[in-house]
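Please walk me through the aromatic contacts in this protein. Then show how the strand that takes part in them is packed.

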Amino acid sequence: MTTAPVPVLVVTGYLGAGKTTLINSLLADAGGRRIAAIVNDFGAINIDEELIRARTDTVVGLANGCVCCTLQGDLLRTLKLLLADDPSPDHIIVEASGVADPAGIIQALSDPVLWKSTRLDAVLCVVDAEDLVAEPARRADPLWQAQLAAASFVVLTKAGWLDAGAAADLARSLSPRGKPPVIDTAREPLPVALLLDGGPDLPALPGRRFTATAAITGESHAGSRFATTTWQGAGPVSLVALQALIGALAPVLVRAKGIFRFTERPGQTWLLQMVGQRVTLAPLSGDYPEGCRLVLIAEAGRLDGAAIAAQLAPQTPL
């Protein structure tokens with residue numbers, strides 16, 4: 001039996017930027033995921049009455065398996081309540097107040113009591129194009145800067161009135177180095193699978209018959225500019241080689257996650273998670289299949305599957 005921590009997506013952004021609309025979209029396109037959304041205002045969530053299976057003063061249960069609750073009192077207490085549910089959520093979305101620095105929520109999610117049951121997956125900052133153009137002084141606001149600085153992803157809203165060139169310039173001004181990626185909802189679909197823990201689950205290993213370079217695949221996300229490259233191998237890999245690979249790919253990677261066994265640390269299974277500038281490598285407990293699996297997400301055409309496989313291949317002693 002293996003239980004992984006429940007990933008948490010924090011949604012931040014200035015007042016009126018469109019955070020609630022975005023959360024509505026994620027709940028509507030859950031794709032079979034059991035999502036728990038912790039929001040500031042129930043009334044702003046557009047929940048069709050036909051989807052509601054249960055309602056209390058603080059929680060709305062939805063027929064698609066999702067649940068929505070208001071952020072009242074202590075965030076840690078609310079999270080513990082959700083995690084005690086059976087079954088527990090597949091993903092938790094936390095809406096930060098529009099007038100709050102998300103650092104407080106990020107710090108709360110580092111609480112040792114929650115460490116084994118939840119993990120901060122990503123921070124999504126919603127930016128209102130109309131507001132930013134009409135109020136250029138907004139960029140100097142320390143709160144706005146803090147919200148943007150915390151972002152793993154930026155979602156640009158209300159940019160449909162801009163021509164393509166102006167919208168692209170605005171996106172570049174929000175992310176001059178191309179990271180975090182800026183998603184313009186007026187010109188591309190919201191990549192739900194990317195935002196909610198990187199899309200597809202890690203693939204199951206086919207068995208020991210395969211060498212460490214035998215299985216590598218790639219696919220584009222439907223309607224999105226992002227693509228996934230998946231590698232799996234039947235034996236352990238070098239920790240040094242993996243660190244070098246992630247370091248080299250970091251400028252173009254949007255996400256990475258993988259389960260590994262390392263030649264330098266036999267007898268232990270490890271979970272790799274990377275989103276934005278944050279990379280973690282933590283030991284896993286439980287019964288996991290032998291071998292290694294890795295999922296990398298970047299803009300289409302930016303990853304070389306053959307080079308990735310070659311770098312992770314076992315080194316033959318001289």
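The text below goes from ring pairs to burial and then to strand pairing.

This is a predicted model. Ring centres within 6.5 Å count as a pair, and by this rule there are 3 aromatic pairs. One of them joins Trp231 and Phe260. Their centres lie 6.4 Å apart, and their planes make an angle of 15 degrees. Planes under 30 degrees apart count as stacked, so Trp231 and Phe260 form a stacked pair. The two partners sit 29 residues apart in the chain. Trp231 belongs to strand β11 (residues 226-233), while Phe260 belongs to strand β12 (residues 253-262).

Are these rings buried or exposed? Trp231 has a relative accessible area of 1%, so it is buried. Phe260 comes to 0%, so it is buried too. Phe260 also pairs with Phe262: the centres are 5.8 Å apart and the planes are at 5 degrees, so this pair is stacked as well. Phe262 is likewise buried. Ring pairs connect Trp231, Phe260, Phe262 and Trp270 into a cluster.

Now turn to β11 itself. Of its 8 residues, 8 are buried, so the strand is largely enclosed by the rest of the structure. In a regular strand, side chains alternate between the two faces of the sheet. Both faces of β11 are covered. Phe226, Thr228, Thr230 and Gln232 are buried on one side. Ala227, Thr229, Trp231 and Gly233 are buried on the other.

Which strand pairs with β11 over 8 bridges? Strand β15 (residues 292-299) does, in the antiparallel sense. Within β15, Glu299 is the bridge partner of Phe226.

Definitions and conventions:
Residues are numbered from 1 along each chain as its sequence is written. This is a predicted model: local features need pLDDT of at least 70, side-chain atom pairs count only at pLDDT 80 or more; totals for chains, interfaces and linings use all residues. Side-chain values use heavy atoms; hydrogens and water are left out. Rings of Phe, Tyr and Trp (its six-membered ring) pair if their centres lie within 6.5 Å; planes under 30 degrees apart count as stacked, over 60 as edge-to-face and the rest as tilted. Helices (H or I, at least four residues) and strands (E, at least two) are DSSP runs, numbered from the N terminus. Buried means under 20% relative accessible area, exposed over 50%, partly exposed in between (1.4 Å probe, protein chains only). Two strands pair if DSSP finds at least two bridges between them.
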